Every structure is written in structure tokens, then in C-alpha cells.
Amino acid sequence: MKKRGYALPLSLCVAGVTLMLGLSAAQMTNGDLGVANHEYYQERARQAADFGLEYCVSHTVAPGTVLTVPSQSGAHPFDSVTVQMYNHGEAGSPMDVPEGFEYWVAEGRASERSGGVSLGSARVGALVRYGLSAGTSGALVRSFYVDSPDPVNFVAMDGLTNQTVLGESIAASEYNGTGSFFSFGRPSSGPAIDLGQVGAFGGKFRLPSGVNQNVVHFTSSTPVAIAQDGGPVNVPTFTPPAGLPALGGLALTNSFNGTLPSGHYQWLEVPADATVSLRGTYQFDELRLAPGVSTGQGGTLRVAAPYSAKVFVSDLQLGQGSLGLSNENGSAQNFRFTLKPVRGTANPPNLNFKLPGGGGVALVADGHPVTLQADASREIRGAFSAAALQVKFPSAGVPFAHNPTFIYDVSASTARRARTGGGPAGSGEVDNTSSLPSNGDTDNVSGYQGGSEGEVGSTNTTVQSGDLILERPAGVEPMILSRQTL
């Protein structure tokens, strides 16, 4: 007898297996979607936390304020962040805060509606130190020596407007009166800070709080104003931009006079008679003068108007020669020259620079001793950060035209200063770009606001930020040294 009725059970078995496979695939897909959503909201929360840390560097925030995270498109208007700050020895800090530092904890939250449940949260901690930002004083150094046969005038100007600026600090030192310093061949018993003959000093010289003002030596018929609101030097991390085209090594020919393509060079060798025009961003693993360059001689790096250049140098080899730095623009922010810091070197070599026409350069050389040599213009112009700085002026021609001049160009400042108007604190708005330099240089996160330094004073300033009211040092700026995910 033929067997009948097997088709229905077989179909049910196949359907059951197919259903189980479909359910498993749907469950896996749902799990992957959940993980993706979690990562998405966690990343939004982490970015909100990073925003909170950066915002508190240059803004005053009332206690307990929830900062909303702005964006051009307003895509996530309900993401928010709060920041708490811990002093040295304060209970509740996730780490032991060193003396003279703070620890900031930012908690970012991602949400899709106002007052809604947080769909992702992230905590980021940051170690913060207060100090003077690179470019906030014309000579930001430990030791300073002015070598001139005639009295020197010290002034502050805005290179963008070519107008004199009053109330700025023209030089600052973190020297506390003890310890060694670079003497530039002078007797070690000489002063660490020697301004020589001062014709005029149109600003302030900044020292750390509590340091005897007598460490600043000068001869002058008028006093030099000394403000004791300084501190350590907050030099930005040496971070050449990624993505520059790799251009290998290059030895320029004698009498070279042309534009060097921007990019990343393993090495560049500059002969004594070369004039190298720069335009764009450059990274040099090694920048050196050609062999045989004699004392005081060397090629010149030049930025022509209206162009700009940023130069990052890991190793600078000048020997006995001098590298020329020339900027045809009015503002030193058009020529930024940054050297990799030196750490733990007992006797770093002195680096000699010639400044044709005053130079007009923003030079950051953390840990290096630097000599700046003026030409017949008897002018040195820009902003300079170094361990030690010597400025040299030649004798005047005949007839004597004017005193040698040291000009601090305030437009080269990298300080991120709190805005002076706009929406209420804690509104989540960031500075607009109306105060940025007209050439589009956006290095200064909150924009350069020409004129007054704003926070300079001899007493501490009460700042309310995050969930805590703190006594912050006056006249200095917080700098985020490191970040950790908590």
C-alpha cells in the first residue's frame, strides 16, 4: 500500500527551520544595531565632554550650569556637558592633583529631546596648568639679554593695523631669582634679565608672583613697569599637521632664489646665499645650513606679501652661521616658525637668527637659547618664546636716526581669551569669527581681540566654572596638558 501524507509534515519542518534562521538573523541584526547605536551616542557624549574642556579654557561659566553643545547645523541641540574642577589636595578628585595644577572632569551627555533620558554619557579628565601662552609677550623667556650700543625702545603694536597698543606686556620671564640660566658668553655672575639701556618701555615686564623685581636689570631715566602676574610658559605641543606631501631631502643650489614647495621634508640644506620663499605649511625633520657657512652668514627664509607660512622644525643645525627670517607682511602671524622643544639637554647650542627688516616672525623655541640679530633697520619685530633670548642691535649709521626698537606684535598671540560680549555665560554659544584676523588665520581658538590683555592684574581673579568656584591666578591662562577617559 502506498504511503501518503508526508508532504505536510515536511513543509512544516522546513518552515520551522526557516523561521528559526530568520529569527536568529533578526536577533543578530538587532544586536548589531543596538551596539552601533550605543557607540554612536557614546561618541557624541565624548565629543560633548571634549567641547566642555575646551570651552572652560577661555570662558567663565556659572556654577551648576549645563552647557549645550553648539553646531552649525544644530543637528544635536540637546547634547550637553558639565565640568567640575579640582584643586591640589581637594577631596573627590579622580587623581592626586600636583601642586600648581588643576584636574578638570567633563561629563558629556547625548540626548534626543530636551530634558530627555541620556542615551550616552562619557567622562573625560584633563590635567591643567596655568601659565602664559606663547605670543602673549614679545619676549617670553627665562633669561633675557639686550646687547645694544644705544638705548632701546620697547613697544607693542598690532601688526594688522600698524597701531601702537598700550597696556600689553612686552616681555615676561619665569625666572625666580635662583638657578642657572643661559648667559650668552657673559660672566655667569651677571644678571639673568638684563635690558641694558632702556630708552622707553611702553608696556609691562611680567614676573611670577613673589619674585623680587630686582631680577630685572636696566638703566633708564624712566622706570620699567613690572607686573608680578606671570607664571610658567604654556607652549603648545609640537604637532606638525598630518597629510603633508612627502618630499624627501633637498640640498638647495648656490644662489637659489625661488619658492619652496610646501610639504614634509626629511632634510633641507640651505646655502649661505639662498633666498627661500615660503608659502603654506612645512615640516622639516632636519633643517641645516650648508657646510662651510661662516659666522654670521646664512641663507634666508622669506614670506612674501600677502602669503603666510607655518614652519615646523624637529632638528635645526646652524653651526656658527645665522638663518635669516624675513616677513614682508605687516603681521607676525603670517610667519610662524616652531622648533621641537628640547628637554634635559645640559648645554643646548645657541641658535642664531638674522632678522632682515625686523623679521616680523612668531618664533616658538621652547628650551632653546636664541640670538636675534637686527640689520641696519635696527628693529626686531614679532613674538618670541624661548628658554633664553639675546637681541643684538648694530651701531647706528650716520646721522643717528632713531633708537633701536624691539616691537612686540600682539597679533601673533596664541592666547584664547574670553569674549567680552554676546550671549549669557553658559548659553553654549562659542565665539564668532568677527574678531579673527582678516587673513583667515584661525590659530587663536577664541580669536584675537586687539588691545587690552583683559586679565592682567596683581591679584587673583575669582572664576566660576563647572560646578565649583575657584580662585584662578590673574593674568595667566589654563592649558590642557593631557586627557584621560574616565
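Val-17, Met-20 and Leu-21 form a nonpolar patch of about 310 Å² on the surface of this predicted model. Val-17 belongs to helix H1. With a relative accessible area of 44%, Val-17 is partly exposed. For the protein as a whole, the exposed area is about 22,700 Å², and carbon and sulfur atoms supply 54% of that area.

Helix H1 spans residues 7–58. The secondary structure consists of one helix and 32 strands. Of the 486 residues in the protein, 47% are buried. The contact pattern can be described by sequence separation: among contacts between residues at least 6 apart in sequence, 63% join residues at least 24 apart.

Charged side chains come next. Side chains of opposite charge can pair when their charged atoms come close. The structure has 13 salt bridges. One of them joins Glu-43 to Arg-46, with the closest N and O atoms 2.7 Å apart. Both residues are in helix H1, three residues apart, so about one helical turn separates Glu-43 from Arg-46. Glu-43 is partly exposed at 32% relative accessibility, and Arg-46 is partly exposed as well, with a relative accessible area of 31%. The pair is also part of a wider arrangement: a network of salt bridges links Glu-43, Arg-46, Asp-50, Glu-54 and Arg-483.

A salt bridge of another kind of placement is made by the side chains of Arg-378 and Asp-150, with an N to O distance of 2.7 Å. Arg-378 sits in the loop between strand E27 (359–374) and strand E28 (379–392), while Asp-150 sits in the loop between strand E6 (143–147) and strand E7 (152–158); the pair therefore ties together parts that are 228 residues apart in sequence. Arg-378 and Asp-150 are both buried. A further salt bridge links Arg-186 with Asp-194, where the closest N and O atoms are 3.9 Å apart. The cut-off for a salt bridge is 4 Å, so the distance of 3.9 Å for Arg-186 and Asp-194 falls within that limit. Arg-186 and Asp-194 are buried too.

What about covalent links between cysteines? The structure holds zero disulfides. The cysteines include Cys-13, which is exposed with a relative accessible area of 52%, and Cys-56, which is buried with a relative accessible area of 1%.

Asn-327 offers a view of a buried polar side chain. Asn-327 is placed in strand E24, which covers residues 323–327. Its relative accessible area is 5%, and Asn-327 is therefore buried. A polar atom of the Asn-327 side chain lies 2.9 Å from the backbone nitrogen of Asn-329. The side chain of Asn-327 also reaches the backbone oxygen of Ser-331, again at 2.9 Å. Leaving aside residues up to four places away in sequence, Asn-327 touches Val-303, Ala-332, Asn-334, Phe-335, Gly-359, Gly-360 and Arg-381.

The backbone has some features to check in the model. Most residues other than glycine have a negative phi, and most peptide bonds are trans. The peptide bond from Ala-305 to Pro-306, however, is cis, with omega near 5°. Pro-306 lies in the loop between strand E21 (300–303) and strand E22 (309–313).

Two residues other than glycine have positive phi values: Phe-184, at about 55°, and Ser-255, at about 65°. Phe-184 is in the loop between strand E9 (169–173) and strand E10 (193–201). Ser-255 is in the loop between strand E15 (246–251) and strand E16 (257–259). Is each of these loop residues buried or exposed? Phe-184 counts as buried, with 13% relative accessibility, whereas Ser-255 counts as exposed, with 53%.

Technical notes. Residues are numbered from 1 along each chain as its sequence is written. This is a predicted model: local features need pLDDT of at least 70, side-chain atom pairs count only at pLDDT 80 or more; totals for chains, interfaces and linings use all residues. Side-chain values use heavy atoms; hydrogens and water are left out. Helices (H or I, at least four residues) and strands (E, at least two) are DSSP runs, numbered from the N terminus. Buried means under 20% relative accessible area, exposed over 50%, partly exposed in between (1.4 Å probe, protein chains only). Patches are made of residues with over 30% relative accessible area and no salt bridge: like charges are joined within 9 Å, nonpolar side chains (Val, Leu, Ile, Met, Phe, Trp, Tyr) within 5 Å. Accessible areas come from the Shrake-Rupley method with a 1.4 Å probe; for residues, only the protein chains shown count as cover. A disulfide is a pair of cysteine sulfur atoms within 2.5 Å. A polar contact is a pair of N or O atoms within 3.5 Å; within protein, one must be able to donate a hydrogen and the other to accept it, and residues adjacent in sequence count only if both atoms are side-chain atoms. Contact means heavy atoms within 4.5 Å.
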